[in-house]
Amino acid sequence: MKAIYNHIILTGLIGLLTVNVVLAQSEAPVQTQKSANAKITNLAPTPPMGWNSWNTFQTRIDEKLLRDMVDTFVSSGMRDAGYKYFTLDDGWMSMERDQNGQLVADPKKFPSGMKAFADYVHSKGLKFGIYNCAGDKTCAGYPGTRGHEYEDARLYASWGVDLLKYDWCNTDSLNAREAYITMARALQATGRPVLFSLCEWGNHQPWLWANGVGEMYRATGDITANFDKDKHMGTWTALSVLTIVDKQPAIRQYNGPNHWNDPDMLEVGNGMSFAEDKAHFSLWCMLAAPLIAGNDLRKMSEQTKNILTNKAVIAIDQDALGVAAYRNSSENGLETWVKPLSDGGWAVCFLNRSDKAQDITYNWAKNPLQDSFSRRTADFTGAVYRLHDVWAKKDVGTTRGLFKTSIPARDVVLLLLTQK
Ligand code: GLA
C-alpha cells in the first residue's frame, strides 16, 4: 500500500505543477458528447445517495458479504430513506486482465460473476456502481483502465453498471481533464446512462472543468473517521471531517445540479462519537454533498441508523435548489452555516467545533442573511420565519424572538426556517 500512496503524492505534485495549464484550459467550455445527449444527462439533479464498500472493507469484499449488505441496505430503511447506488470500490477484480484484455471479476470473491451480482442489486430496486482508475493500475494495484476505456465501458454496460467511480492513481503524466473526458465519452458510447464519479482528489481543480464530464467529483483527499485531526499515513494524509469542511467555502459556487463537489464518502458509524457523526452528516447535507454511506450496515447501531436515515436532514441535502451552504460567521469555534432552500426557506446550522458546550443567543434581526451566489436574502426585521429544530424534531419559535440554546461540544443545532 505504501508504494500505492507514493503515487498519490506524486500525482498530487504533478497536479500542482499543472495548475496553470489547467486554469488556461478551463476558460473554454467543455463540450462532451455526454452533455450533448439529452437522454443521458440529468442523472443527478440532486446529490447522489448510496453506499460504497471502501471506508469499512477496503479490498476485503466478496459476494457473500456484499449480498448481506444489499439485504441490510433494504431492511435497515436506507433504500426507503433515498439511498440508491450500491457501489463496489477497489478490489473486485483479478490481478490481471484475461487473454483478450478484458477485466475479470475475481472468481474467488465473486464465484457467481459480476453480472449475477449486479442483477441481485437491481432485483432489490437499487442501482449498481463499480470502481476503476484512469491509470495503469488502481490505487490498490489491480488493473487500471488506461488504454482500455471503451472496452471497459462496454463490459460495465453489459453487466448493468449504473455508476462508475474513476480514480487517479498510477497516472504518470496523463492529463486529468482529457482522461476523464475520454472515459465519459466511452460511457456515453455504450448508450447506457452511467453516473460518472470523478475521483482525482481535487488535484486538478475539477470544479473548473468537470461540469458536463461527470455528475460528481472529489474535491479533496481521502477522509478518515476523525472529527478534527488529520491522520498521517506515511506518504499521504487522510483528512478529518473539519479539514474537508474548511476547504468547501472556496468552491461552493461550482456546486449544483448534475455537478456536485464531492467531499468524500461518509464516515458516520465508523468510530466517531454520536455528536460528531451528527455534525458530520449535517454538514454534508448543508453542503449539498453526495451522501455515500461507508459503514458496515449489518452492524449499524440505532443511533447511526437514526442519523443516516433522518428524512428531514436528508431533505436539506436533496433540496431542488442544489445550492451549498456558506459560512456566515465564525467565532471562538462557533460557526453559522446557511443554505438557501427552494421553497424560499433556509437551513441554518450552528456548529460547535470546540471541546466544550457553548451557549448562544442569536438575534435574527441583527443577522440578515445575504447570499450573493444564489441572490437570496432574508431580512428578519420584515419577514418572519418559523424555526424548527430538525434533530430535536420540535418547533422553537420564530425569527421575531431571540434564539437561545446550548450546543454541546463537537455538535450542531440544525434549524429549518420557513416563511410564515
Ligand atoms: C483512493 C480513493 C478512495 C478509494 C481508494 C481505493 O484512495 O480516493 O476513495 O477509492 O483509492 O484504492
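**Close-up 1. The ligand sits among 14 residues of this predicted model.** The closest include D89, D90 and K165. D167 and D222 also belong to that closest group. By type, the shell divides into 8 nonpolar and 6 charged residues. No polar residue takes part in the shell.

**Close-up 2. Side chains of D167, R218 and D222 reach toward oxygen atoms of the ligand.** For D222, a polar side-chain atom lies 2.5 Å from a ligand oxygen. For D167, an N or O atom of the side chain is 2.7 Å from an oxygen atom of the ligand. For R218, the distance from a polar side-chain atom to a ligand oxygen is 3.3 Å. Taken alone, the ligand would expose 310 Å². The protein buries 99% of that area.

**Close-up 3. The structure holds 1 disulfide, and C139 and C169 form the link.** Their sulfur atoms are 2.1 Å apart. The link is right-handed, with 100° about the S-S bond. C139 lies in the loop between β3 (127-133) and α7 (149-159). C169 lies in the loop between β4 (163-167) and α8 (176-189). The pair therefore ties together parts that are 30 residues apart in sequence. C139 is buried. C169 is buried too.

**Close-up 4. C133 is in no disulfide, and C199 has no cysteine sulfur within bonding distance.** From C133, the nearest cysteine sulfur is that of C139, 5.0 Å away. A disulfide needs two cysteine sulfur atoms within 2.5 Å, so a gap of that kind leaves no bond. C133 is buried, and its relative accessible area is 0%. For C199, the closest cysteine sulfur is also in C139. That sulfur is 6.9 Å away, too far for a bond. C199 counts as buried, at 2% relative accessibility.

**Close-up 5. Strand β5 (residues 195-198) is covered on both faces.** L195 and S197 point to one side, and both are buried. F196 and L198 point to the other side and are buried as well. In a regular strand, side chains alternate between the two faces of the sheet. β5 pairs with β4 in the parallel sense. The pairing runs over 4 bridges. In one of them, Y166 has L198 of β5 as its bridge partner.

**Close-up 6. Strand β13 (residues 346-352) is mostly covered.** How many of its 7 residues are buried? The count is 7 of 7. One side carries W346, V348, F350 and N352, all buried. The other side carries A347, C349 and L351, again all buried.

**Close-up 7. β13 pairs with β12 (residues 334-340) and with β20 (residues 411-419).** β12 and β13 run antiparallel, joined by 7 bridges. L334 stands opposite N352 in β13. The hairpin of β12 and β13 has 5 residues between the strands. There, G344 takes a positive phi near 90°. β13 and β20 also run antiparallel, with 7 bridges between them. Here the bridge partner of L351 is V412 in β20.

How values were computed
Residues are numbered from 1 along each chain as its sequence is written. This is a predicted model: local features need pLDDT of at least 70, side-chain atom pairs count only at pLDDT 80 or more; totals for chains, interfaces and linings use all residues. Side-chain values use heavy atoms; hydrogens and water are left out. Helices (H or I, at least four residues) and strands (E, at least two) are DSSP runs, numbered from the N terminus. Buried means under 20% relative accessible area, exposed over 50%, partly exposed in between (1.4 Å probe, protein chains only). A residue is near a molecule or strand if one of its heavy atoms lies within 4 Å of it. A polar contact is a pair of N or O atoms within 3.5 Å; within protein, one must be able to donate a hydrogen and the other to accept it, and residues adjacent in sequence count only if both atoms are side-chain atoms. Accessible areas come from the Shrake-Rupley method with a 1.4 Å probe; for residues, only the protein chains shown count as cover. Ala, Val, Leu, Ile, Met, Phe, Trp, Tyr, Cys and Pro count as nonpolar, Asp, Glu, Lys and Arg as charged, and the others, Gly among them, as polar. Two strands pair if DSSP finds at least two bridges between them.
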